[in-house]
Amino acid sequence: MKKFIYTILTIALVASCAPKDGYVVEGKIKGLEKGELYVKTLSGRDVTTIDTVQIEDGEFEFEGKVDEPQIHLLFINGKPSPIVFFIENSAIKIKADIDSLEEATIKGSKANIPWAKFNSEMPLK
């Protein structure tokens, strides 16, 4: 019986360590305690809202699954400039300041690296 229990616990432990199928986006917005985050995606010329997430204590989290990397926009409380990044099935961390969302730091998305490089080389004005 003990061997059976150890086997079940070992299987559960290994299964919990296996990579998840999909993405998890966690973020922190400095200077914002509460609010709503609108997750949008681009499809051709159309911008579609795919989720609305609550921001509590400046933090948010959402998850899902994509077939391939996609560009996403995060709009916060009516701010005109969104956070723009590529989402893929991985753990993604976002840090931003409410007054400069366009300068957000995104980690965990390999597809976002060329996008970030491109943006860093473009003049802001």
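**Notes on salt bridges, a buried Asn and a pocket**

1. Let's start with Glu-26, which comes out as partly exposed at 30% relative accessibility. Keep in mind while reading that this is a predicted model. The label follows from the cut-offs, because partly exposed covers whatever falls between buried, under 20%, and exposed, over 50%. Lys-93 lands in that class too, with a relative accessible area of 46%.

2. What do the side chains of Glu-26 and Lys-93 form where they meet? They make a salt bridge, with N to O at 2.3 Å. Glu-26 sits in strand β1 (residues 23-30) and Lys-93 in strand β7 (residues 91-97), so this pair ties together parts of the chain that are 67 residues apart in sequence.

3. A step back to the overall layout. You'll find two helices and eight strands in the chain. Reading from the N terminus, the order is α-β-β-β-β-β-β-β-β-α, with a helix at either end of the list of elements. Of the contacts with a separation of 6 or more, 49% are between residues 24 or more positions apart.

4. On the surface side, the chain exposes about 8800 Å², and 57% of that is supplied by carbon and sulfur atoms. As for the inside, 30% of the 125 residues count as buried.

5. Back to the charged pairs, as the structure holds five salt bridges in total. Another one of them joins Asp-99 and Lys-79, whose closest N and O atoms are 4.0 Å apart. This pair also links distant parts of the chain, 20 residues apart: Asp-99 is in the loop between β7 and β8 (105-107), and Lys-79 is in the loop between β5 (70-76) and β6 (83-87). It's worth checking the 4.0 Å value against the cut-off, because a salt bridge requires the nitrogen to be within 4 Å of the carboxyl oxygen. The two partners fall in separate exposure classes: Asp-99 is exposed, at 64% relative accessible area, while Lys-79 is partly exposed, at 32%.

6. The pair Glu-121 and Lys-117 is a local affair. Their closest N and O atoms are 2.9 Å apart, in a salt bridge. Why are they separated by about one helical turn? Because they are four residues apart in helix α2. Buried or exposed, these two? Both Glu-121 and Lys-117 are exposed.

7. Asn-112 makes a nice contrast in that same helix, α2, which spans residues 112-121. Its relative accessible area is 4%, so Asn-112 counts as buried. What does the side chain of Asn-112 reach? The answer is the backbone nitrogen of Phe-86, at 2.9 Å. Leaving aside residues up to four places away in sequence, Asn-112 touches Val-84, Phe-85, Phe-86, Glu-88 and Ile-106. Since β6 covers 83-87 and β8 covers 105-107, you can place Val-84, Phe-85 and Phe-86 in β6 and Ile-106 in β8.

8. Last, the largest pocket, which holds about 400 Å³ of space. Its lining has 16 residues, and those nearest the centre are Glu-102, Glu-103, Ala-104, Trp-115 and Asn-119. Which elements supply at least two lining residues each? They are β6, β8 and α2. Helix α2 gives the most, with five residues.

How values were computed. Residues numbered from 1 in each chain as written. Predicted model: local features only at pLDDT ≥ 70, side-chain atom pairs only at ≥ 80, totals over all residues. Heavy atoms only, no water. Buried < 20%, exposed > 50% of the residue type's maximum accessible area, 1.4 Å probe, protein only. Contact = heavy atoms within 4.5 Å. Areas by Shrake-Rupley, 256 points an atom, 1.4 Å probe, with all protein chains shown as cover. Polar contact = N/O pair within 3.5 Å; in protein donor to acceptor, adjacent residues only side chain to side chain. 1 Å grid on protein atoms, 1.4 Å probe; cavity = no way out; pocket = protein on both sides within 12 Å on 5 of 7 lines; lining within 4 Å. Points joined across faces, edges and corners; volume = space filled by probe spheres on them.
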